[in-house]
Amino acid sequence: MKGNNDMRRPLVAGNWKMNGTQEGVIELIDGIKSGLDGINVEVLVCPPAIFIGLVGARLEGSKVKLGAQNICQQPESGAFTGELSAAMLTEFGCRYAIIGHSERRHVYGESDKLIAERVAAAVAGNVTPIFCIGELLEERENGTTEQVIAQQLDAVLNLDNGIVLLKETVLAYEPVWAIGTGKTASPEQAQAVHAFIRSHLAKQDEALAAGIKILYGGSVNAANAEKLFGMPDIDGGLIGGASLKVNDFLAVCKAAG
Ligand code: PGA
């Protein structure tokens, strides 16, 4: 199914998190741009907000796409200190936003409800959400992974227009215990959750379940990417640490193509 579905063309997204300097960011983006010839995947970079303008200008004319690491639930301007609206992001060429990353959920306490509002605001403002879901280590160990994933998905799925929103969304399954820890999920563990996500969505809408792009994230690197991306329900990756080094990121992109 994967190979026949154009909507599920592999995507490799770099989440730079809170890293970089002006000089370092220019070096990274120029290296990525010049190394992508012949690699046939969609590539997205999500720099820290302060570098979005700089990276956007540097990416002009390139096929590398630009994303933000979060987005405000309020689509227009307003009294939301520290936030960025969809309108601001799109003005700078940003067409994607990571939403509900585990660091936002667990360090900053963003709730399922807020995350769902952010997904809705992104879609309304022509920004594609990269909607992140994933269980904590203790949830995996006590056997509640599927329950946690279902609850996180349902926060969007059960909105009045939830199915419509998810048809405009890319999902990222990121087990929290695998993020930045060097402990990646095995390809089989990741595939099992990706298949569960599709089966959960299929109960509401089969076309959505078959067509939605689901990335895997959590310590993906040049050595493990190919096996992960070879699994039938994995459509690419959300890459943290390995997206900060040109050669590592290009190797991951190559593995997806
Ligand atoms: P990691 O981060 O690749 O450094 O584990 C992934 C992520 O947090 O998106």
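In the predicted model, an oxygen atom of the ligand comes to 2.6 Å from an N or O atom in the side chain of Glu174, a polar contact by the criterion of two N or O atoms within 3.5 Å. The backbone joins in too: a polar backbone atom of Ser219 is 2.7 Å from a ligand oxygen, and one of Gly240 is 2.9 Å from a ligand oxygen. On its own the ligand would expose 280 Å², of which the protein buries 95%; these areas come from the Shrake-Rupley method with a 1.4 Å probe.

As for the surroundings, 13 residues make up the shell around the ligand, counting any residue with a heavy atom within 4 Å. Lys17, His101, Glu174, Gly180 and Ser219 are the closest of them. By class, the shell splits into 7 polar, 4 nonpolar and 2 charged residues, with Gly counted as polar. The ligand sits in the second largest pocket, meaning that more than half of its atoms lie within 2 Å of the pocket's grid points. A pocket here is an open set of points on a 1 Å grid over the protein atoms alone, with protein on both sides within 12 Å along at least five of seven lines.

Turning to the cysteines, the whole structure holds 0 disulfides, a disulfide being two cysteine sulfur atoms within 2.5 Å. Why does Cys46 not bond to Cys94? The Cys46 sulfur has its closest cysteine sulfur in Cys94, and at 7.3 Å that is too far for a bond. Cys46 is buried, at 0% relative accessible area, and Cys94 is likewise buried at 0%, where buried means under 20% (1.4 Å probe, protein chains only).

Residues are numbered from 1 along each chain as its sequence is written. Local features need pLDDT of at least 70 and side-chain atom pairs 80 or more, while totals for chains, interfaces and linings use all residues, and side-chain values use heavy atoms, without hydrogens and water.

Key: Buried < 20%, exposed > 50% of the residue type's maximum accessible area, 1.4 Å probe, protein only. Polar contact = N/O pair within 3.5 Å; in protein donor to acceptor, adjacent residues only side chain to side chain. 1 Å grid on protein atoms, 1.4 Å probe; cavity = no way out; pocket = protein on both sides within 12 Å on 5 of 7 lines; lining within 4 Å.
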